[in-house]
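Me: Could you take a close look at one helix in this protein and explain how its residues are placed relative to their surroundings? I would like one connected account.

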Amino acid sequence: MAMSLLSRLAAGAAAPVFPVIGAGVLPQVERLFSSPTLRRVGSPREAAILLVAGEIPESAREALDRVHDQVPHPRTTETWDGASPVEDRLTEAWRALCAGGETEPDRRPDTPPNEWKGKGDHGHGGEGMMGGVPYGRPMAMPGEDVRDGLQLDRYSARVGPFAPMLPPGLTLEVVLQGDVVVDVSVCAAPFPQPGEADAPELCAARMVRLLGLDAAAARLVQGPRPAAVFIRTAVPSGLGALPGSGDARERLSGWLAGKHGPNRVDGLADALVGLEWHEMTLVLASLPPSTLAGSLSMTEAA
């Protein structure tokens, strides 16, 4: 089939890829997206290619299928072991989609994952318009605000294991009042990653990417030489602060200079309470994967 002008123009753009990152490949994935031929998108809804990198445990397969079905048509999936060349394969897959290549069908049924379970006669909450667990998720209920004691709605949500703002594999049950975290439970720990993933420049790059500074993140990924300068200039002071551990800039700069150990933070889940959502994600991004694995205690999933 002949490509239209718009299709040819699209095929020449960077391939929009959403990475699903499994065990053992985090540094390789981060370095892969320093290529100008690839565009790492922040949501499956923005992608055309789903890159499944590394080993995905069976417990996360259903979540993987849900992410797959969020990628709009036309779409395709590529798997990668983190070692073999993949950049050309991704760009070729993108060109094939632009030329009218076949799309992949859904993997999950187009039905709610849980039945409606409202408490009232007409499916509503049952306590005014509150209470109940519609479609398996509890409705917001008032509770004491952690900042000033006012009664505000609390909403519970489960996030992970492939949420791009969290470390790969980490699944959290988070209770929010507005954007403030009032409770955190760890449902699944991050996937194990190689020691290379603990490099301070890679941790800084993850954090800087969350700030929307993709160019600075790409420079950090290139290696440790520019890392000290970019950490001081690209990571604003005060972000990612933890009691007794300073802010992210202090932790990463000191760590890069060899002034600190493995940056272990005991009781990290408790330390996240009271932070705003974006602050919590910045804290998690600024810490090395080995620290997260040792600092986030597992609790029973809700």
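Reply: A good place to begin is Thr91, which has its place in helix α4. The model is a predicted one, and the statements that follow should be read with that in mind. Thr91 counts as buried because its relative accessible area is 11%, under the 20% that sets the limit for a buried residue. Leaving aside residues up to four places away in sequence, Thr91 touches Thr37 and Leu38.

The helix around Thr91 can be described next. Helix α4 covers residues 87-98, which gives 12 residues, and from its first C-alpha to its last it reaches 17 Å, close to the 16 Å expected at 1.5 Å a residue. Thr91 belongs to a buried set in α4 that also holds Leu90, Ala93, Trp94, Leu97 and Cys98. These buried residues lie on the same side of α4, because the arc they cover around the axis is only 155 degrees. As general background, an α-helix has 3.6 residues a turn, so residues three or four places apart point the same way. On the face of α4 that is turned away from the buried side, the exposed residues are Asp88 and Glu92.

As for what lies over the buried side, the cover of the buried residues of α4 includes the helices α1 (5-11) and α2 (26-32), together with the strands β1 (15-21), β2 (38-40), β3 (49-53) and β4 (76-80). After the helix comes Gly100, which has a positive phi, near 95 degrees.

One of the covering elements, α1, also has a side to show at the surface. Leu9 is found in this helix, α1, and Leu9 is exposed because its relative accessible area is 56%, where exposed begins over 50%. Together with Leu5 and Leu6, Leu9 forms a nonpolar patch on the surface, and the accessible area of these residues comes to about 360 Å² together.

For the wider setting, the protein has 11 helices and 8 strands, and buried residues make up 45% of its 302 residues. Among contacts in the protein with a separation of 6 or more, 58% are between residues 24 or more positions apart. Another helix, α10 (residues 277-286), is mostly covered, with 7 of its 10 residues buried, including Met280, Leu282 and Val283. The accessible surface of the whole protein comes to about 15,000 Å², and carbon and sulfur atoms account for 54% of that surface.

How values were computed
Residues numbered from 1 in each chain as written. Predicted model: local features only at pLDDT ≥ 70, side-chain atom pairs only at ≥ 80, totals over all residues. Heavy atoms only, no water. Helix = DSSP H or I, 4+ residues; strand = E, 2+ residues; numbered from the N terminus. Buried < 20%, exposed > 50% of the residue type's maximum accessible area, 1.4 Å probe, protein only. Contact = heavy atoms within 4.5 Å. Areas by Shrake-Rupley, 256 points an atom, 1.4 Å probe, with all protein chains shown as cover. Expected span 1.5 Å × (residues − 1). Arc of directions from axis to C-beta. Patch = residues over 30% accessible without salt bridge, like charges linked within 9 Å, V, L, I, M, F, W, Y side chains within 5 Å. Salt bridge = Lys/Arg side-chain N within 4 Å of Asp/Glu carboxyl O.
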